[in-house]
Structures are given as C-alpha cells and as structure tokens.
Amino acid sequence: TGKTTTLERIFETYPTKQILYLVFNKGMKKEAEKRMKHLRNVKVSTIHSLAHFYFQKTFKKAKLEQYDLSPLIIQELYKLEDLTSSCKILDEYKEYLASDLSIEDLTKEIPTNLEIDQEIKNKTLKLGKPMKQYLLFLSDNRVKFRFSKYIVDIINKQISGTLHMTHDSYLKLYQLSKPNLSNFDIIAVDEAQDITWAILDLVRNQNSIKIFVGDRYQNIYGF
C-alpha cells in the first residue's frame, strides 16, 4: 500500500529532525533498518525493545520468561477450585495489559451507554455529536474489571520475582511509567491497526510530532 515508502519520503524531508520509527516485531525492524540505512537521523525500534530496556534497568528482581501465564499457574497460585475462574482472571489480566488504564483505574466504574445517554438527556453532560460517539465507543470497548484485586496482585508478584514477567506485562509497566521520549522530534508508528490502547497511550502522551500509518484490512493481532 506504499506505507513504508510514504514514511521514507517524510523522513527524507526532515534530515535535521531526530526520528523514532516504531515497528511491531523484529522482522519488520530488520527490514526497516535496511530500508532506512541512508537516514542517519532515524532510529528504528520495536515498541517492546524500548520497554525491555526500561524493564532491565528498573526491575532487578523480576524474572522474564518467553511463555505467557497459563490458567493452571493462576489456579495453583490462588488455590482456585476450577480452571474456569482462573481463565476469567487471566482474560481480564490480558485485557488490562492491552488497555491504557492505570492501576487506580481498575477500581473505577466506566459509564455505560445507558448512563451516558441519560446524562446527555438530562443535559448534565453537554457534548457535541463526535464526542458523544467517542464516549459511546469507549463504553462499549473498555472492560469493567471484576478481578482487579487479582490483577494488581499478579503485577506485584511479577515485579517482586515470585511470578514470572511476560513481554506484555513489562510493556504495560513501561506505559504506566509515562516515559519521556522528548529527545525525538518525530515519532512514527507503523502497522497502527495492530497497536493496543496501552501503546497508543504511550505514544500520544509524547510532545513529539506523531505519525500513525496502517491498513485496516491487514489487522493481524486483533487488539
């Protein structure tokens, strides 16, 4: 679709700007580095690589493993009677890792469509149509966490090293740390259709110029 070519031309237009080009995986990174090798002002990185550097520097006791947490691990950890409960906890935990929510947000109630509509009808929430649609979208797509205590405990155990850390968990901790990438004038994110709310939050909170490119018809990871 010409996304990479478009980005390459944009990067070439700003030779004096420091540019961070974020790609989704190591294969894409290798290809992008080869493509952009003539541009010395461009740093190509995966989002997990940035987070991994932070992880190594910050969490000395944490233990990283290549495999994800399993329902059996959760069942044994909390002495649950069946795997159904552990599966539900694990599903919510993964939803939280992909979200842009903070630890404090876990205990907050997210308004439902009905609540938002009622506030608008009562004229207690005066919003234009685009903002109303955005709030309705959020209320449909954000999770109300029933197992927040388990999620917080899992994260604390991962930090202390009593439970292994995963790639997605240290990425979430990196997002929660609100990293400062102000040394880059421009941040470009490729395959934006595959990024999570957590990654989006991480990038959009930077003061740099932000560029997102993607293709809705090539969604691979389904976030």
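# Exercises on a predicted fold

Setting aside residues within four places in sequence, Ser-169 is in contact with Tyr-93, Leu-97 and Gln-158. The model in which these contacts occur is a predicted one.

**Exercise 1. State in which element Ser-169 is found, and decide whether Ser-169 is buried or exposed.**

Step 1. Ser-169 belongs to helix H9, which spans residues 167-176.

Step 2. The relative accessible area of Ser-169 is 2%. The cut-off for a buried residue is under 20%, so Ser-169 is classed as buried.

**Exercise 2. Describe the secondary structure of the protein, first by its count of helices and strands and then by the succession of its elements.**

Step 1. The protein contains 10 helices and 4 strands.

Step 2. Read from the N terminus, the succession is α-β-α-β-α-α-α-α-α-α-α-β-α-β.

Step 3. Two overall values complete the description. Of the 223 residues, 41% count as buried. Of the contacts between residues at least 6 apart in sequence, 67% join residues at least 24 apart.

**Exercise 3. Establish the order of the strands in the sheet and identify the helices that pack on the sheet.**

Step 1. The open sheet is formed by 4 strands, in the order E2-E1-E3-E4, with parallel pairing. Its edge strands, each paired on one side only, are E2 (42-46) and E4 (209-212). On average, and with direction ignored, neighbouring strands are turned by 20 degrees against each other.

Step 2. Strand E1 (residues 19-23) and strand E3 (residues 186-189) run parallel and are joined by 4 bridges. Within this pair, Ile-186 of E3 is the residue opposite Ile-19.

Step 3. Helix H3 (residues 47-58) packs on the sheet through E1 and E2, and its direction makes about 80 degrees with that of E2. Helix H10 (residues 197-204) also packs on the sheet, where it touches E1, E3 and E4; its direction makes about 150 degrees with that of E4.

**Exercise 4. Classify the packing of helix H4 against H5 by its angle, and characterise the residues of the contact.**

Step 1. Helix H4 (residues 71-78) packs against H5 at an angle of about 110 degrees, and the two axes are 8 Å apart.

Step 2. Angles of 65 to 115 degrees count as roughly perpendicular, and H4 and H5 are therefore assigned to that class.

Step 3. On the H4 side, the contact is made by Pro-71, Leu-72, Ile-74 and Gln-75; on the H5 side, by Leu-83, Ser-86, Cys-87, Ile-89 and Leu-90. These residues comprise 7 nonpolar, 2 polar and no charged.

**Exercise 5. Determine which parts of the chain the salt bridge of Glu-92 with Arg-146 ties together, and compare the accessibility of the two partners.**

Step 1. The closest N and O atoms of Glu-92 and Arg-146 lie 3.6 Å apart. The cut-off for a salt bridge is within 4 Å, so the pair qualifies as one.

Step 2. Glu-92 is part of helix H5 (residues 83-98), whereas Arg-146 is in the loop between helix H7 (129-141) and helix H8 (148-160); the pair therefore ties together parts 54 residues apart in sequence.

Step 3. Glu-92 is buried at 7% relative accessibility, while Arg-146 is exposed at 62%.

Step 4. Leu-106 extends the picture around this loop. The C-alpha atoms of Leu-106 and Arg-146 are separated by 8.8 Å, although these residues are 40 apart along the chain. Leu-106 lies in the loop between H5 and helix H6 (113-121) and is buried, with a relative accessible area of 3%. Beyond its neighbours within four places in sequence, Leu-106 is in contact with Tyr-96, Phe-145, Ser-148, Ile-151 and Val-152.

**Exercise 6. Find how many salt bridges the model contains, and examine those of Asp-201 with Arg-204 and of Arg-9 with Glu-8.**

Step 1. The count comes to 9 salt bridges.

Step 2. Arg-9 and Glu-8 meet through their side chains in a salt bridge of 3.9 Å, N to O. Arg-9 is partly exposed at 44% relative accessibility, whereas Glu-8 is buried at 8%.

Step 3. The side chains of Asp-201 and Arg-204 form a salt bridge of 3.6 Å, N to O. Both residues lie in helix H10, 3 residues apart, which is about one turn of the helix. Asp-201 is buried at 9% relative accessible area, and Arg-204 is partly exposed at 32%.

Step 4. Through shared partners, salt bridges join Glu-8, Arg-9, Glu-12 and Arg-35 into one network.

How values were computed
Residues numbered from 1 in each chain as written. Predicted model: local features only at pLDDT ≥ 70, side-chain atom pairs only at ≥ 80, totals over all residues. Heavy atoms only, no water. Pairing = 2+ DSSP bridges. Helix = DSSP H or I, 4+ residues; strand = E, 2+ residues; numbered from the N terminus. Axes fitted to C-alpha atoms, helices over the stretch in contact; angles between N-to-C directions. Contact = heavy atoms within 4.5 Å. Buried < 20%, exposed > 50% of the residue type's maximum accessible area, 1.4 Å probe, protein only. Parallel < 35°, antiparallel > 145°, perpendicular 65-115°, else oblique. Nonpolar A, V, L, I, M, F, W, Y, C, P; charged D, E, K, R; others polar.
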